[in-house]
Amino acid sequence: MRAAVFAVMALVGLNTASDALADGDATRGAQYYRACVACHALEPGLHLSGPSLGNVFERKTGTAEGFVRYSPGLKAAGFSWNAAALDGWLKEPAAMIPDTYMVFQGIDDPQARADLNAFLEIAGKPGGGEKAVADGLIPAEYLRAGAPEPISDASPEIRIAAIRHCGDSYFIKTEDGQETPYWEKNIRLKIDSVETGPPEGVAVILGAGMAGDRFSVVFSSLADLESLVEEKC
Ligand code: HEC
């Protein structure tokens with residue numbers, strides 16, 4: 001999150017244009033868009049910590065289908081995302097919607113905002129993400145951004161057959177028959193309830209982070225977590 005803010009500050013620093021009325025340049029705007037990728041995907045319906053920006057252009061505030069974490073203020077705002085609204089938002093989100101959950105410092109340079117707007121006017125329209133990729137504005141990875149790789153067809157070595165907790169450890173048995181002990185503090189239990197997650201009734205263990213001894217165990221629901229983890233020595 002912090003990195004994204006610094007990234008935008010650094011990028012804005014490169015731009016010395018001061019003509020507020022100049023037209024935006026989508027190619028430059030695509031560079032500024034790097035600051036948004038940590039929290040937003042462009043694939044419609046794919047929500048990260050922020051809602052998908054696919055089809056955001058001319059969409060009503062706070063209405064991305066399936067995104068349930070909007071601030072009350074953004075949900076109630078009732079305007080549509082056009083160039084003028086986006087310009088105000090990108091300048092300082094909290095000035096527009098005081099209770100917003102979008103933690104973003106804002107972009108002071110009007111030219112940089114115009115450029116980002118020109119990019120969003122392409123990428124935020126139906127089919128726009130693909131168009132932006134086809135036109136070479138952004139890499140294809142930006143469509144799904146930070147969304148995890150789907151794990152629906154996990155191999156037996158990472159599919160969990162049984163998981164028990166004993167003392168300060170988890171003993172995790174995978175479907176290839178191996179049982180491995182892990183220090184409990186190196187295991188994160190996570191739920192991925194959308195299509196990137198495991199199938200119902202299946203938990204999957206994945207390496208996490210730089211250190212080789214950290215893992216995530218991913219369940220498809222809270223009910224699966226409760227039924228698959230057992231306290232037993
Ligand atoms: C740290 C994460 C984060 C970053 C970085 C971020 N956003 Fe957001 N964004 C959010 C969250 C969370 C919301 C929902 C805010 C709310 O409900 O108040 C949001 C909401 C939005 C909305 C309103 C969407 C809607 O459906 O009404 C737009 C537009 C938007 N962001 C654009 C951007 C752009 C463009 C950038 C890059 C310059 C950016 N955001 C950077 C997290 C982020």
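This passage looks at the iron site of a predicted model and at the largest pocket.

Start with the metal. Two side chains from the protein hold on to the iron atom of the ligand: H40 through NE2 and M102 through SD, at 2.0 to 2.2 Å. Counting every donor, there are six atoms around the iron, and because the angles they subtend run from 86 to 179 degrees, the arrangement comes out as octahedral. The two protein ligands come from distant parts of the chain, 62 residues apart. H40 sits in the loop between α2 (26-32) and α3 (72-77), while M102 belongs to the loop between α5 (93-96) and α6 (110-123).

The pair also splits on solvent exposure. H40 has a relative accessibility of 10%, so it counts as buried, the cut-off being under 20%. M102, with a relative accessible area of 25%, is above that limit and therefore lands in the partly exposed class.

Both residues turn up again in the largest pocket, which has a volume of about 600 Å³. Its lining is made up of 30 residues, and H40 and M102 are among those closest to the pocket centre, together with G50, P51 and W89. As for helices, α1 (2-14) and α4 (83-91) each put at least two residues into the lining, with α4 giving the largest share, at three residues. In chemical terms, the lining of this pocket breaks down into 22 nonpolar residues, six polar ones and two charged ones.

Notes: Residues numbered from 1 in each chain as written. Predicted model: local features only at pLDDT ≥ 70, side-chain atom pairs only at ≥ 80, totals over all residues. Heavy atoms only, no water. Donors = N, O, S within 2.8 Å, 3.2 Å for Na, K, Ca; no water. Tetrahedral: all angles 85-135°; square planar, octahedral: opposite > 155°, others 65-115°. Helix = DSSP H or I, 4+ residues; strand = E, 2+ residues; numbered from the N terminus. Buried < 20%, exposed > 50% of the residue type's maximum accessible area, 1.4 Å probe, protein only. 1 Å grid on protein atoms, 1.4 Å probe; cavity = no way out; pocket = protein on both sides within 12 Å on 5 of 7 lines; lining within 4 Å. Points joined across faces, edges and corners; volume = space filled by probe spheres on them. Nonpolar A, V, L, I, M, F, W, Y, C, P; charged D, E, K, R; others polar.
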